[in-house]
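Biologist: I'd like to learn how to read pockets and odd backbone spots in a model. Can we go through one together?

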Amino acid sequence: MRPDSAEYHWVELLREGLTFDLEGLAPGPSCEFPEIEHRFDLESVPTEFRFESIRLGLGQHLAGGQKTIPIMRGLVALARDLAHHFEDATAIVWPPAKSAIGRRFFESITTAWIDGGAFPALGLTAFQETIDGALQSVGLTYWIGQELRIEAPLSSDKVAATRLGVRLINQLILLGGLHDSERIVAPDGSRLVMRPSRNRKYIRVWRE
């Protein structure tokens, strides 16, 4: 429904000159409950039987800016502020990664990013194991148009591979993706190769 519809209810929020829309408020229609596959700092996955959802999105004049880092940083900052002020908020869902993030954890990781720290890869992206044993990011495509794949056997230690993935995602966000092969040194001193796949949809990483 369009904002000029009599049945449409929303709140327009302003932050640092940017406008955002908050939808799903009573007495208007509720928002469709988001699909969730990954959770961070939550004992269980939120369900539509226990929770209601509202949606925070870009205002009309920001249409097309959903992948612009300064605009998305503003959106995330506003979501952080809302989570901080409304204690009934249990989780923040990031649809591109199908992730649900506990309120306190979301405040912590996003504040660090907004203040100039590392990108919150555990939350605004997620990781899953593929059928061939690789550890692959989920939702990184939203930010850079590519997903990260840590190939086996480098991915055999899932904890270490996830830590490596978090570091690499932060670098890739800063670079805006990877177009050519690169060699890097891992935290343990081993030498790694990063290379785009043939279809450019993935960034593959393995030991040299």
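Modeller: Sure, here's a walk through the pockets and then the backbone of this predicted model.

Biologist: How do you find empty space, and what volume does the largest pocket have?

Modeller: Rolling a probe the size of a water molecule over the atoms shows where empty space is left. Here the largest pocket comes out at about 1400 Å³. It has 46 lining residues, and S53, I54, R55, L56 and V93 sit closest to its centre.

Biologist: Which helix gives the most to that lining?

Modeller: That's α1, with six residues. β2, β4 and β5 each supply at least two residues as well. Sort the lining by class and you get 30 nonpolar, 10 polar and six charged residues.

Biologist: And what about the second largest pocket?

Modeller: Its volume is about 220 Å³. Of its 14 lining residues, L154, A160, A161, L164 and D188 are closest to the centre. Helix α5 brings the largest share, four residues. The classes here are eight nonpolar, two polar and four charged.

Biologist: Now the backbone. Where is there a cis peptide bond?

Modeller: Look between A152 and P153, where omega is about 5 degrees. P153 lies in the loop between β9 and α5.

Biologist: Which phi value does E16 have, and is E16 buried or exposed?

Modeller: Its phi is positive, about 50 degrees, though E16 isn't a glycine. You'll find E16 in the loop between β1 and β2. E16 counts as exposed because its relative accessible area is 69%, and the cut-off for exposed is over 50%.

Biologist: What about R200?

Modeller: R200 isn't a glycine either, and has a positive phi of about 65 degrees. The loop between β11 and β12 holds R200, which is partly exposed at 45% relative accessibility.

Technical notes:
Residues numbered from 1 in each chain as written. Predicted model: local features only at pLDDT ≥ 70, side-chain atom pairs only at ≥ 80, totals over all residues. Heavy atoms only, no water. 1 Å grid on protein atoms, 1.4 Å probe; cavity = no way out; pocket = protein on both sides within 12 Å on 5 of 7 lines; lining within 4 Å. Points joined across faces, edges and corners; volume = space filled by probe spheres on them. Nonpolar A, V, L, I, M, F, W, Y, C, P; charged D, E, K, R; others polar. Buried < 20%, exposed > 50% of the residue type's maximum accessible area, 1.4 Å probe, protein only.
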